[in-house]
Amino acid sequence: MEVLRGIEAEQRPSLREKFLEAVHCIRRTLDIFGSSATALSFNGGKDSTVLLHLTRAAVALKDRQPETEPTQQDVFTEDQANGLGGVLTFMFERTDDFQEIIEFGRLSNTLYGLEMNKLEGDFKPGLANFISQHRIRAILIGTRSSDPNAKGQDKFCPSSAGWPPFMRVNPIFDWEYADVWSFLAAAGVQYCQLYDQGYTSLGAIHNTLQNSALLQPDGTYAPAHSLPDGQLERVGRGDTQPVLRPSQPALSESSTDVAAAEGLGPKAHSAAIIIVGDEILSGKVEDVNTRFLCAELRSLGWEVSRVTVVRDEVADISAEVRGAAPNHEVVLTAGGLGPTCDDVTMAGIAHALGKPLERHTAMEQRLQDRFGSGTTPAHLKMAEAPAGEAELIDYAQPSGGLSPFPLMKCRNIYVLPGIPHLLRQKWKAVQEHLLQQGQPSPFHTHVWRLLLTDETSIAPALGDIARRYAGAVSVGSYPVSSQPDKAGILVSLESKDSSSLASAVKEMDEHLSFHAIEDDTKAK
């Protein structure tokens, strides 16, 4: 059969070893549970396609010891390799599947004589009925360790509580993205045509986009097997986050429509900040952008009510944008805008907005003007933006003249770089843009510096003021140490309503003046 011929010709020992280990895993499954009590889960994707052909190979080698490498004398004819030796195959077909996936499943069924069971409807009850009807004890699945649902699994893993009892068998659990494509190439077998159109991980139509890492200068997409970094496999997929379920559509054309439909809506002059970067979460780089942006927004009278730090993952970024954009007047993202494979902020925003990622024509032209004949695809990656959503905002460089890298704004989302000095340059454009919308009232703050270290002694007074001025004055208590004036606690009252603040300060002063070193009132 073609799979064995391909593996016999394979020169990479690592792939041959993984092939033999996977085949051995399948053979042991058939020995333990029996072919008639074993089923193969096929969904038309690359991993289940690999699993299908590994199972065919395992059945074709059924008369040999699986630890022995295949040789030419072990090659079976196509007729002998037809079917899976009694192993049942099933595939769920849904209305939101790509038509190409459905057609590939039917083609595979015909080519390899699978007599595939087509299941429809909800997955869990459909699977339960299939298992019960055919007395299935083990299911071969194409799960790999990098999959979102792989946590806690191994090559042999019982089904989870609440599910029908069966053994999950994951023969390619330790395979990498590159191993999958190396095997498919060596075996010379067909796979779903979507992988040649820039898709690297296939889900449903509503949550699957082409992988932006494969976008080429002419606007087309390179095939999936050419993806330079397997960690980018799921770029374009959003099904790992609850916020991306089909019952929760992408943000509407008005970024506040979702909240408005629920009778809510963004609070006036409210802002959210999304910091993007594995380097922040791993502690490799200190986050100085949050403090800067919070202070600058506060000085303009804007209230920052949400700050999050997320990984360089499209799904994570998309989820945060979807959560923040409808409920805040503005959202600022910082990080993930460069030319490298881990710069996926624009892909995340595009996914949140339900728009494909494409080259912004004007931005592309600016980059070409800047770099001339030396322009590379890496440069042009920085011109990517959600289709029809990006507005370019120019700003002056410190040396004078307009920057060749304008600020991008997508609806109410300002997209900033993560490098601090570049962020501060572009912040000036954000600041000017916000001021054009009108200057909100400033925050007024009164601070007491207390010679105390025990907050419990002032907690009742703070609680009383907070209740009496709820919604008008915010109360804060902050323990400090190593202060030159020996202060141990800072207490602050803050409000945009100066009269409410003055009244609250007068009442609070009766409780705190005895312990105060000094107090100060100012606008912030």
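# A guided tour from Gly6 to the second largest pocket

Begin by selecting Gly6, which counts as buried because its relative accessibility is 10%, under the 20% that sets the limit for buried residues. The model on display is predicted. Gly6 is found in helix 1, residues 2–9. Next, add Ala185 to the selection: Gly6 and Ala185 lie 179 residues apart in sequence, yet their C-alpha atoms are 8.4 Å apart in space.

**The whole protein.** Zoom out to show the 524 residues, of which buried residues make up 50%. The protein has 17 helices and 18 strands. Among contacts between residues at least 6 apart in sequence, 73% join residues at least 24 apart.

**Helix 2.** Select residues 13–33, which form helix 2. Helix 2 has 21 residues, and the distance from its first C-alpha to its last is 30 Å, close to the 30 Å expected at 1.5 Å a residue. Then select Gly34, which follows helix 2 and has a positive phi, near 90°.

**The largest nonpolar core.** Now show the side chains of Val3, Phe19, Val50, Leu54, Trp175 and Phe183. Of the 86 residues in the largest nonpolar core, these six touch the most other members. Helix 2 gives the most to this core, with nine residues. In soluble globular proteins, nonpolar side chains tend to be buried together.

Centre the view on Trp175. Which residues are in contact with Trp175, leaving aside its neighbours within four places in sequence? They are Lys18, Phe19, Ala22, Val50, Leu54, Arg144, Val180 and Phe183. A second, separate core has 22 residues; to find it, select Ile275, Leu332, Ala334 and Leu416, which are among them.

**The second largest pocket.** Turn next to the second largest pocket, with a volume of about 810 Å³. Select Leu337, Gly338, Pro417, Gly418 and Leu422: of the 42 residues that line this pocket, these are the closest to its centre. Then colour the elements that give two or more residues to the lining, namely strand 7 (267–276), helix 9 (278–281), helix 12 (345–353), helix 13 (361–371) and helix 15 (420–436).

Which helix gives the most to the lining of the second largest pocket? Helix 15 does, with four residues. As a last step, colour the lining by class: 22 of its residues are nonpolar, ten are polar and ten are charged.

Definitions and conventions:
Residues numbered from 1 in each chain as written. Predicted model: local features only at pLDDT ≥ 70, side-chain atom pairs only at ≥ 80, totals over all residues. Heavy atoms only, no water. Core = buried A, V, L, I, M, F, W, Y, C linked by side-chain atoms within 4.5 Å. Buried < 20%, exposed > 50% of the residue type's maximum accessible area, 1.4 Å probe, protein only. Contact = heavy atoms within 4.5 Å. 1 Å grid on protein atoms, 1.4 Å probe; cavity = no way out; pocket = protein on both sides within 12 Å on 5 of 7 lines; lining within 4 Å. Points joined across faces, edges and corners; volume = space filled by probe spheres on them. Nonpolar A, V, L, I, M, F, W, Y, C, P; charged D, E, K, R; others polar. Expected span 1.5 Å × (residues − 1).
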